[in-house]
Amino acid sequence: MFKNKFSYWLILIICSIVSMFFFSYSYNISVNTIDKLSENKIESKYEYLKSNIDYFQKDRKAYLSILTNNQVVKDYLNVSNETNKNKLEKIFIEQISMLDFVMQLRIISLEGKELLRVDKNKNEIKVIPLEKLQNKSNRDYFRKFILLKQDEIGISSLDLNEENGIIEKPFNSTLRISMPVFDKGVKKALIVINYSMNNWLEQFVKSSSLNIYLLDSDGFFIVHPDNKFKWSKYLEPQINSKDIFDIEKEYTKNITLWDDKQYTLIYDFKDTNDKKIFVDQSKWIGFITIIGILILILPFIIIIYEYIKELKNNEKKVNRILDNAFDSVLMIDSKGIIQTINAVTSKTFGYTKEELIGKNVNILIPEPHHSKHDDYLKSHNPNLMAKVLGSQRELFGLSKSNKLIPINLAITKFLIDSKMYFIGTIRNVSEEKETKKLFENVFTKSPLGIALVLDDGSFWRLNDNFCSIVGYSQDELMKLTFQDITHADDLNKDLEFVNKLITKELDSYSLEKRYIHKDGTIVWINLSVRPIFLDDKKEKLEFFIAMIENITERKLILEKLDITTKRLMQAEEISLLGHWDWDILKDSLYWSDTMLVLFGKKNENFHANYESFIECVYEEDRSLVNIKVQDSFDNNTPFDMEYRIVVKDKIKIIHAKGTTTYLDGKPIRMFGTCQDITEIKELYEKQQNQEYFLMQQSKLASMGEMVASIAHQWRQPLNSIGLSVQDILPAYKNNEVNEEYIIEIRDEMMEQLNYMSNTIDEFRNFFKKSNTLTSFNILDSIEEIISLYWAQLNESSIFLSIEVSYNNDIYKIDDLPEELKEKFILASQPSELKQIIINCIANAKDAIESLNTIDKIEENIDIIISKNDNYNFMQIAIIDFAGGIDDSNIERIFEPYFTTKEMGTGLGLYICEMIARKSLNGKIKYEKISKEVASKLYKGSKFIIEFPIQK
């Protein structure tokens, strides 16, 4: 008896322990499951928010990239006239009307001044007048945006909107996004877009089951379910999250918004009783289970009862999960009757749950499918079912207010107790449609050529501008790849960039390249390419967006003009001259780079006008400058004076010259040059280094000869260009302007510009000073002199003959074999040697021009370059037969200040002798020569420059 009783209690205890164990185990699993579901729900919401933040930034960057590369924007920044301004205003108004959340679109100069601004308040769009535009240079976001590089996007901190330093009320959460505008590699301005983020923030932190709080780094609320706590940092008194929450006990997530700052998200459930109810019920289940085991009567009944109850709880959980899904979900039976829906379905279609459950699903379907839907279900057509089930279709749904809603629908079929049911997953794609519409507008109406290119180089989509640039139709291009139309010399570089996009070494790239037009001609384009990936991790490439701009004409003409301008500026630097251009009516002053250097200014911080110029002048000289300028205006005389300026506490002396342009007797523009003559003045005043001064003076004189010669050379091409320009208007009036005419005019002008550019290129290095020995070919130097000097000689009908003597063999310079030209390479100072040769040629020219009558012998100047391998020196002889120098003067011609010319200075040959002796380690000598031709005796001069050969 005892033994049986003991066994009974032993079995009972064992069963109780096992029951307790399984109860505890199942209890912990259930609690952990609920916790995990809660965490998954929060994590899902968190990841959704992160993906939308990333999408927001990518979408705005793509849009800004298109806007900053718009040619109308660049035209306005380069020439801010009324026409360009009106064009840009129109584009800004069109864009801001189509963009959600945007409240302000503007262009800000690099100095922080608003150049153009368009505001949108609800549906009212207005262009802000000039007098109300503000300077934003002191704002933090401007200081950040000004540092942006080309195609780099800048995003400000999330903050409240301020106007004139006052925070706008009610609070308006504002995000500023910017990208710089570059033209030819030069930053011009910033495009800044202000987004009103109130609706965006509410949309992405809104949840039917969660309370979501967004905190800044100091713990103040930015977003709060109760609107009165939003932006609590700016409330009086301030409200901090620490006053409400114990942060360490809350479920928090750190998140980085667009400004790389850390923010904090706090999540809690609106209904916190679910878990408590489950815990209490689990304890009750355990208690009943134990009692059941103890009494061994009702265990199975209790288990079944609790199982049913658990099923109901699970059903509630499923419903709760469905209610927190992002898409609408509804279930119908085989007759189309709605069995259940989630909360998103109610929100999307405007019905309550009670209004839909038990109703036919066609209440949500517009015509023509509304009246046919029941027939679809009854027919059970296998072919129709195969098309519908398991696939996504784009349709329209019908809301309670009879509004059509664009949706994406997917249907699945399943059986419950042999009964057929259908589940429909519906996504509201209204916003996606709007985004696609915006993309299509940009794609089709863009002034640029745009193509969507697959990873194998084939074209997926193209706009009409792209086809127009390359000359192919869309159908033709769809059968080609970009490799097929790319110039062979540019293909490898392009493919290299494409590979770097695929490997994510680059986010985008731009380059100038050549396409082959359908007609075989070369088209220069400016190409910008950006990859589009299917996933956030950028693992799956979808396509490339390629934008092209036809720059063929601009490249051919502007490159030449740019090169010519650069070479002219280099020539200025060599000649120590800076030029300026003063628009008197607008009081705007242009200074060349050399001018800025002379005056110690930088272009970005110098406001160039007459007042700014006068402030640079030494105070005691300002009145004299004003008087001289006014005198030049009143008497229509050239402006020519010396004045002092102060640069970094040092006084410089400037020699300025200028000429004035008049309109109706009033001065409208003055153009001129400035030269820093401080050093020359100091040399005069201190009487130091007299020889150097004389050399500089002679060099400038030689430069004057060269500049005068260039002026002669440019006269003809300038006349030619002028005639071409003047011919355009008559040709237009006579309907002669066509493509052939434009090409002919362009080719003629480009030929003349090339000639002028080459002349500047030759002059640029002509007198470049070097204190070290330079390796050069003396024959090239002689040809450079002649190419710059021939115009003056030609004007005076003087002919120049050049011969080369090598080892006593005589050649015309044009007939000299190529292998012998290398024999005339030496190491010396070419600038000084050129100066001596120019002086000798100028003396010969003056002597010939002084003759009363000139015949063929006297009108020639001969240059002979001699070299003999048996000697270690080289000679250059300059010969004329213009009468020679009187015997009584020969001994004195190399003395300073001795001259036989009426207007001579007597310094030319003295300086030549000094340069030959000191700079070249050589000498210059004179020989009087004569020859008899046709019984007539001709006398002349022969100047011989002799200098050692150094390798």
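Me: Helices (H or I, at least four residues) and strands (E, at least two) are DSSP runs, numbered from the N terminus. With that settled, which helix do Tyr610 and Phe613 both lie in?

Reply: First, this is a predicted model, where local features need pLDDT of at least 70, side-chain atom pairs count only at pLDDT 80 or more, and totals for chains, interfaces and linings use all residues. Residues are numbered from 1 along each chain as its sequence is written, and side-chain values use heavy atoms, leaving out hydrogens and water. Tyr610 and Phe613 sit three residues apart, about one turn along residues 610-616, and that helix is α19.

Me: Okay, is Tyr610 buried or exposed?

Reply: The cut-offs go by relative accessible area with a 1.4 Å probe and protein chains only: under 20% is buried, over 50% exposed, in between partly exposed. Phe613 has 11% and so passes as buried. Tyr610 comes in at 17%, so the label is buried.

Me: How is the Tyr610 and Phe613 pair classed?

Reply: Phe, Tyr and Trp rings (six-membered for Trp) pair with centres within 6.5 Å; planes under 30 degrees apart are stacked, over 60 edge-to-face, the rest tilted. Both residues also belong to one aromatic cluster, along with Trp582, Trp591, Phe599, Phe633 and Tyr643. Their centres are 5.8 Å apart with 55° between the planes, which makes the pair tilted.

Me: And over in helix α4, how many residues apart are Tyr141 and Phe145?

Reply: Tyr141 and Phe145 form a tilted pair, at 5.8 Å and 55°, and both are buried. In α4 (residues 140-145) they are about one turn apart, with a spacing of four residues.

Me: Which strands stand at the edges of the five-strand sheet?

Reply: Strands pair if DSSP finds at least two bridges between them. The open, antiparallel sheet runs β15-β14-β18-β17-β16. Two strands have a single partner each, so one side of each lacks a neighbour in the sheet: β15 (338-341) and β16 (392-398).

Me: Which residue in β15 stands opposite Leu330?

Reply: β14 (residues 328-333) pairs with β15 in the antiparallel sense, over three bridges. Across from Leu330 you'll find Ile341.

Me: Last one: at what angle do α2 and α3 pack?

Reply: Contact here means heavy atoms within 4.5 Å, and on that basis Val72, Val73, Asp75 and Tyr76 of α2 meet Asn84, Lys85, Lys87, Leu88 and Ile91 of α3. Axes are lines fitted to C-alpha atoms, for helices over the stretch in contact, with angles from 0 to 180 degrees between N-to-C directions. For α2 (residues 71-78) and α3 (residues 82-98), the axes are 9 Å apart and the angle is about 145°.
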